[in-house]
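Please open the model in your viewer and keep the sequence at hand. The tour below proceeds stop by stop, stating what to select and what is to be found there.

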Amino acid sequence: MNQPDRTPLLAVKHLGVAFQTDRGQVLAVDDVSFELNAGQVLGLAGESGCGKSVTALSVMRLLPKPVSKITQGEVLFKGQNLLELPSDAMHKIRGKKISMIFQEPMTALNPVHTVGRQIAESYSLHFPGMGEKQKNTASLQMLEKVGIPDARQVMKKYPHQLSGGMRQRVMIGMALACEPDILIADEPTTALDVTVQAQIMDLIFQFRETTGMAVILITHDLGLIAENCDRVVVMYAGTVAETAKVTTLFRQPFHPYTKGLLKSIPSLAQKAKEPLPTIPGNVPALSEMSAGCRFVERCKRALTQCENQRPRLMPVSSGHFAACHLVYDGEKN
Ligand code: SF4
């Protein structure tokens, strides 16, 4: 009998990314690993600057050059290491197999081209045999699918003539035009009003229902993760602190950082005017990281070995891993 193929759709393995700064080289992403299966929604959570976006840009091979460099690791898409692909082969994957949407669509949309032309370009790039008329029809249909009213008129407009919510819909339309296997959504709703945020998330998940694509949702908003994701990877200062199924992580967090993050979410049980608990201290600068646990200066549970021994991801329970010396210490969550 044939064994089922268990190759994950995407496997990031021991990824390291360094940036050249005035203070020398700093490791912005250090030994990050996770997997994504077909149709799964994976949340990448953590504070700004924790390496979520740098990880996503590494997957897309869109890191700024020459200031950044991948120092180690693999990004396996269907078993193929994207970091070793020639640029033209990567062009065929980016946008067609793996697409990305960003927090601020103006940075991704071209201000001097009409919306219609920009969507049509996605088709030109990946389906060179498509005629002009076909591309126009497909672009119009895509704008209608992403809920743009009066799409025919919007095709003729420039990005600056649209509201933030409409621009985000256009960018989603461009990202989904080729029905990718993976959509990476990097803080897709942070810049939008709350009601528009909900519409945009609904839109992404409607597409996921119909196409079965997998989603990596990058956000600092744990509420969005709880509502939408199957698994979550919590990152801190360029490292993976903890990863688990969403239900496990929210019910039984292990890592002191994850516990702190979860306590800082407002709840209805909270008394009015009662201040929200916060994690004391700040994320250290990447150039001043401890050789041990990167969370050590903010951790109330720190052990002596935390200062100089880097904790590696260890199993807490089935499918639940934390990078914390308390795991070795036999602590239960
Ligand atoms: Fe705290 Fe040590 Fe665990 Fe780091 S390894 S989170 S310092 S207990």
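**First stop: the sheet of four strands**

Begin by selecting Ala18 and Leu27: Ala18 stands opposite Leu27, which belongs to β2. Please bear in mind throughout that this is a predicted model.

Now extend the selection to strand β1, residues 10-21, and to β2, residues 24-36. These two strands pair in the antiparallel sense, and nine bridges lie between them. Look next at the connection: β1 passes into β2 by a hairpin of two residues.

Which strands complete this sheet, and in what order do they lie? Four strands make up the open sheet, and the order is β2-β1-β4-β5, with antiparallel pairing. As a general matter, strands of a sheet pair through backbone hydrogen bonds, in either a parallel or an antiparallel sense.

Select β4, residues 68-77, together with β5; the two run antiparallel and are joined by two bridges. Within this pair, Phe77 stands opposite Gln80 of β5. The edges of the sheet are formed by β2 and by β5 (80-81), each of which pairs on one side only.

**Second stop: the sheet of eight strands**

Turn now to another open sheet, which has eight strands. Follow them in the order β6-β7-β8-β3-β9-β10-β12-β11, and note that the pairing is mixed. Why do β6 and β11 each have one side without a neighbour in the sheet? Both β6 and β11 (314-317) stand at the edges with a single partner strand, so one side of each remains without a neighbour there. From one strand to the next, the twist averages 20°.

Select β11 and then β12, residues 320-322: the two strands pair in the antiparallel sense over three bridges. Here Pro315 may be highlighted together with Phe321, since it stands opposite that residue in β12.

**Third stop: the largest pocket**

The next selection concerns open space. In general, empty space is revealed by rolling a probe the size of a water molecule over the atoms.

Select Gly95, Ala108, Ser122, Leu125 and Met174, which lie nearest the centre of the largest pocket. In total, 21 residues line this pocket, and the space within it is about 570 Å³. The elements that contribute two or more residues to the lining are β6 (98-101), α4 (115-126) and α7 (164-176). Which element gives the most to this lining? It is α4, with five residues. If you colour the lining by class, eleven residues will appear as nonpolar, eight as polar and two as charged.

**Last stop: the cavity and the ligand**

How many cavities of 30 Å³ or more are there? The count comes to one. The largest cavity holds about 100 Å³ of space. Select Cys293, Cys299, Cys306, Cys324 and His325: of the 14 residues that line the cavity, these are the closest to its centre. The lining consists of eleven nonpolar, two polar and one charged residues.

Finally, display the ligand, which sits in this largest cavity. There are 13 residues around the ligand, and those that come nearest are Cys293, Cys299, Cys306, Cys324 and His325. By class, the shell around the ligand comprises ten nonpolar, two polar and one charged residues.

Note on methods: Residues numbered from 1 in each chain as written. Predicted model: local features only at pLDDT ≥ 70, side-chain atom pairs only at ≥ 80, totals over all residues. Heavy atoms only, no water. Near = heavy atom within 4 Å. 1 Å grid on protein atoms, 1.4 Å probe; cavity = no way out; pocket = protein on both sides within 12 Å on 5 of 7 lines; lining within 4 Å. Sits in = over half its atoms within 2 Å of the grid points. Nonpolar A, V, L, I, M, F, W, Y, C, P; charged D, E, K, R; others polar. Points joined across faces, edges and corners; volume = space filled by probe spheres on them. Pairing = 2+ DSSP bridges. Axes fitted to C-alpha atoms, helices over the stretch in contact; angles between N-to-C directions.
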